[in-house]
Amino acid sequence: MDMAKHAAIFDLDGTLLNSIEDLYLSMNFVLKRNGFPERTLSEIRGFVGDGIYKLCQRALPYGTKNETVQRVFEEMHGYYMEHCMEKSAPYPGITRMLERLKAAGVKTAVVSNKSDDAVKKICSYYFGETVSTAIGEREQAGIRKKPAPDSVLAALGVLGVTAEKAVYIGDSQVDVYTAQNSGMDGIAVTWGFRTRAELERAGARVFADTPEKLFELICGYDDGAHI
């Protein structure tokens with residue numbers, strides 16, 4: 001990365017929003033209600049990143065029938081939609097960073113594997129007009145979820161920016177692969193749900209340890225780090 005970007009596309013959970021406690025509490029509520037063992041916070045942190053269905057599939061005992069996974073997923077989606085903003089909050093410095101990006105003329109979007117309705121609800125509540133567009137999982141519409149590039153390319157279309165002039169930011173291996181599959185530069189943040197070592201093994205090369213550093217990288221004030 002050696003030039004200022006015209007657009008920044010962000011992952012949501014673990015990148016902009018510390019949502020792990022709401023996910024943890026919601027998942028365990030649904031597991032307990034259905035007679036399944038509850039999971040630890042560390043386990044839930046390791047399960048997230050590929051959408052609510054995969055979270056449910058991973059949280060349920062190995063070998064659980066597909067129809068049971070689907071039923072638990074539907075319950076989890078409904079319950080989480082009602083409780084997704086009770087414990088969640090932007091990471092410190094995120095709101096200010098988004099405000100600075102907007103003031104600098106950088107277009108912003110959120111692309112997440114969380115359900116589309118939840119992503120839009122959460123982004124509207126926490127980030128308002130500092131995020132131009134928010135896109136969640138829409139596989140029923142034939143749009144593949146991350147790490148496929150579909151939603152990222154859709155966001156670029158809305159923003160009117162090419163992949164070469166945009167950067168994708170996330171906290172997980174899925175996000176590293178998403179940037180690669182979308183033909184974009186990528187930045188991995190180290191305050192999220194995965195360790196730096198895990199991100200490095202996935203191929204991440206540019207890191208931000210703080211929102212302030214992330215702003216500098218997006219706007220081209222980096223320290224010579226290149227992908």
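A crossing of two helices is called right-handed if the near helix is turned clockwise from the far one by less than a right angle, and left-handed if it is turned anticlockwise. With that in mind, let us walk through the structure above, which is a predicted model.

Helix 3, covering residues 52-59, is a good place to use the term: it passes helix 4 in a right-handed crossing. The axes of these two helices are 9 Å apart, and the helices pack at an angle of about 125 degrees. Angles between 115 and 145 degrees count as oblique, and helix 3 and helix 4 are therefore oblique to each other. If you zoom in on the contact, you will find Ile-52, Tyr-53, Leu-55, Cys-56 and Gln-57 on the helix 3 side. They meet Asn-66, Val-69, Gln-70, Val-72, Phe-73 and Met-76 of helix 4.

Helix 4, which spans residues 66-83, also packs with helix 1, residues 20-33. Here the axes come within 9 Å and cross at roughly 135 degrees, which makes helix 1 oblique to helix 4. This crossing, too, is right-handed. From helix 1, the residues taking part are Asp-22, Leu-23, Ser-26, Met-27, Phe-29, Val-30 and Arg-33. Facing them in helix 4 are Val-72, Glu-75, Met-76, Tyr-79, Tyr-80 and His-83. Notice that Val-72 and Met-76 appear in the contact with helix 1 and also in the contact with helix 3.

Now turn to the strands, beginning with strand 1, residues 7-10. Ala-7 and Ile-9 point one way from this strand, Ala-8 and Phe-10 point the other way, and all of them are buried. Strand 1 has two pairing partners to follow. With strand 4, residues 107-115, it pairs in the parallel sense over 4 bridges, and Ile-9 has Ala-109 as its bridge partner there. With strand 6, residues 166-170, strand 1 also runs parallel, joined by 4 bridges. On that side, Phe-10 stands opposite Ile-169.

Strand 1 also helps to cover helix 10, residues 211-218. The buried residues of this helix are Pro-211, Leu-214, Phe-215, Leu-217 and Ile-218. Looking down the axis of helix 10, you would see its buried residues fall within an arc of 165 degrees, so they line one face of the helix. A general point about helices helps here: an α-helix has 3.6 residues a turn, so residues three or four places apart point the same way. The cover over the buried residues of helix 10 includes strand 1, helix 5 (94-103), strand 6, strand 7 (185-189) and strand 8 (207-208). After helix 10 comes Gly-220, with a positive phi near 90 degrees.

Two single residues round off the tour. Pro-90 lies in strand 3, residues 89-90, and is partly exposed, with a relative accessible area of 23%. Although Pro-90 and Leu-17 are 73 residues apart along the chain, their C-alpha atoms are separated by 4.3 Å. Beyond its neighbours within four places in sequence, Pro-90 is in contact with Leu-16, Leu-17, Thr-95, Tyr-126 and Phe-127.

Thr-178, found in helix 8 (residues 173-181), is the other one. Is Thr-178 buried or exposed? Its relative accessible area is 0%, and since buried means under 20%, it counts as buried. Leaving out residues up to four places away in sequence, Thr-178 touches Lys-146, Pro-147, Val-152 and Tyr-168.

Technical notes: Residues numbered from 1 in each chain as written. Predicted model: local features only at pLDDT ≥ 70, side-chain atom pairs only at ≥ 80, totals over all residues. Heavy atoms only, no water. Buried < 20%, exposed > 50% of the residue type's maximum accessible area, 1.4 Å probe, protein only. Pairing = 2+ DSSP bridges. Arc of directions from axis to C-beta. Contact = heavy atoms within 4.5 Å. Axes fitted to C-alpha atoms, helices over the stretch in contact; angles between N-to-C directions. Parallel < 35°, antiparallel > 145°, perpendicular 65-115°, else oblique.
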